[in-house]
Amino acid sequence: MTPSILMESFSLCRGDIVVNWNAKDMDTYMQQKEYIDTLLVPLLKLETNPENMKSSSSSTEFLLHLSTFMENQFKGRIMLLPPFSYTQSMDLEIFAETLQQDINLMDFKHVFYLTTDSNWTLSKLEDVIWLPSIPMESMDKQLRQKIIEDQLRQVLPILTKKWSD
């Protein structure tokens, strides 16, 4: 996936209004932000060790499919940020602290961090949603869609509980 296509997939929808993560369309988001109270932040671990690069890329593919699907299912409620990537040598606590401080400036009522890296569950970040990665590269489109829908069904109670609090 080229960077331009990847960035186009990170959009925010409200009805038939699509707002991409760019300066021009952010104005539209600002007009609709009272309805969009939830931020979804994908956290992608990029393994640079050659033995782990394949599984890392597979996890990335899974997480990007799931986060984009979640955004589409909750049009007008969720804003999907471009993913934050990190490597195995980065200090997650420093990264988490900085990320949370910066994201808090955005003034969303709910922020969920979506990841396939279980190390995030030990961090100080609140509302981390960890899911085990499911390799999707050899699945046909229908099976991939079913898997993503099943994963959303597992995440849905977490979202709805926070939304109802």
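Axes are lines fitted to C-alpha atoms, for helices over the stretch in contact, and angles run from 0 to 180 degrees between N-to-C directions. The exercises below concern a predicted model.

**Exercise 1. Describe the packing of α3 against α5.**

Solution.

Step 1. Two packed helices are described by the angle between their axes and the distance between the axes. For α3 and helix α5 (residues 141-164), the angle is about 65° and the axes are 10 Å apart.

Step 2. The hand of the crossing of α3 and α5 is right-handed.

Step 3. On the α3 side, the contact is made by Glu61, Phe62, His65, Leu66, Phe69, Met70 and Gln73. On the α5 side, Arg144, Gln145, Ile148, Glu149, Gln151, Leu152, Val155 and Leu159 take part.

Step 4. Sorted by class, the residues of this contact between α3 and α5 comprise eight nonpolar, four polar and three charged.

**Exercise 2. Locate Glu149 and state its separation from Gln73 in sequence and in space.**

Solution.

Step 1. Glu149 belongs to helix α5.

Step 2. The relative accessible area of Glu149 is 29%; this lies between the cut-offs of 20% and 50%, so Glu149 is partly exposed.

Step 3. Along the sequence, Glu149 and Gln73 are 76 residues apart, while C-alpha to C-alpha they are 9.9 Å apart. Both residues are among those that form the contact of α3 with α5.

**Exercise 3. Characterise the second largest pocket by volume, lining and residue class.**

Solution.

Step 1. The space in the second largest pocket is about 160 Å³.

Step 2. The lining of this pocket consists of Leu44, Lys45, Glu47, Ser55, Ser56, Ser59, Thr60, Thr116, Asp117 and Ser133.

Step 3. Two elements, β3 (38-46) and α3 (53-73), each supply at least two residues of that lining. The most comes from α3, with four residues.

Step 4. By class, one lining residue is nonpolar, six are polar and three are charged.

**Exercise 4. Which residues does Ser56 contact beyond its neighbours within four places in sequence, and is Ser56 buried or exposed?**

Solution.

Step 1. Ser56 is part of helix α3 and is one of the residues that line the second largest pocket.

Step 2. The relative accessibility of Ser56 is 7%, which is under 20%, so the residue counts as buried.

Step 3. With neighbours within four places in sequence left aside, Ser56 is in contact with Lys45, Leu46 and Glu47. Of these partners, Lys45 and Glu47 also appear in the pocket lining.

**Exercise 5. Examine the positive phi values of Asp107 and Asp127, and give the setting of each residue.**

Solution.

Step 1. For Asp107, a residue other than glycine, phi is positive and near 65°. Asp127 is likewise not a glycine, and has a positive phi of about 60°.

Step 2. Asp107 occurs in the loop between α4 (92-104) and β6 (110-115). Asp127 occurs in the loop between β6 and β7 (128-130).

Step 3. Asp107 has a relative accessible area of 65%, over the 50% cut-off, and is therefore exposed. Asp127, at 26% relative accessibility, counts as partly exposed.

**Exercise 6. Give the setting of Lys109 and of Leu64, and one C-alpha separation for each.**

Solution.

Step 1. Lys109 is placed in the loop between α4 and β6. Its relative accessible area is 60%, and Lys109 is therefore exposed.

Step 2. The C-alpha atoms of Lys109 and Ile36 are separated by 8.9 Å, with their positions 73 residues apart along the chain.

Step 3. Leu64 is located in helix α3. Its relative accessible area is 16%, which is under 20%, so Leu64 is buried.

Step 4. Leu64 and Pro82 are 18 residues apart along the chain, and their C-alpha atoms are separated by 9.5 Å.

**Exercise 7. Summarise the chain as a whole: its elements, burial and contacts.**

Solution.

Step 1. The secondary structure comes to five helices and seven strands.

Step 2. Read from the N terminus, the order of the elements is α-β-β-α-β-α-β-β-α-β-β-α.

Step 3. The chain has 165 residues, of which 42% count as buried.

Step 4. Among the contacts in the chain with a separation of 6 or more, 69% are between residues 24 or more positions apart.

Key
Residues are numbered from 1 along each chain as its sequence is written. This is a predicted model: local features need pLDDT of at least 70, side-chain atom pairs count only at pLDDT 80 or more; totals for chains, interfaces and linings use all residues. Side-chain values use heavy atoms; hydrogens and water are left out. On a 1 Å grid over the protein atoms alone, a cavity is a set of points where a 1.4 Å probe fits but cannot get out, and a pocket is an open set with protein on both sides within 12 Å along at least five of seven lines; lining residues have an atom within 4 Å of a point. Grid points are joined across faces, edges and corners, and a volume is the space filled by probe spheres set on the points. Ala, Val, Leu, Ile, Met, Phe, Trp, Tyr, Cys and Pro count as nonpolar, Asp, Glu, Lys and Arg as charged, and the others, Gly among them, as polar. A crossing is left-handed if the near helix is turned anticlockwise from the far one by less than a right angle, and right-handed if clockwise. Contact means heavy atoms within 4.5 Å. Buried means under 20% relative accessible area, exposed over 50%, partly exposed in between (1.4 Å probe, protein chains only).
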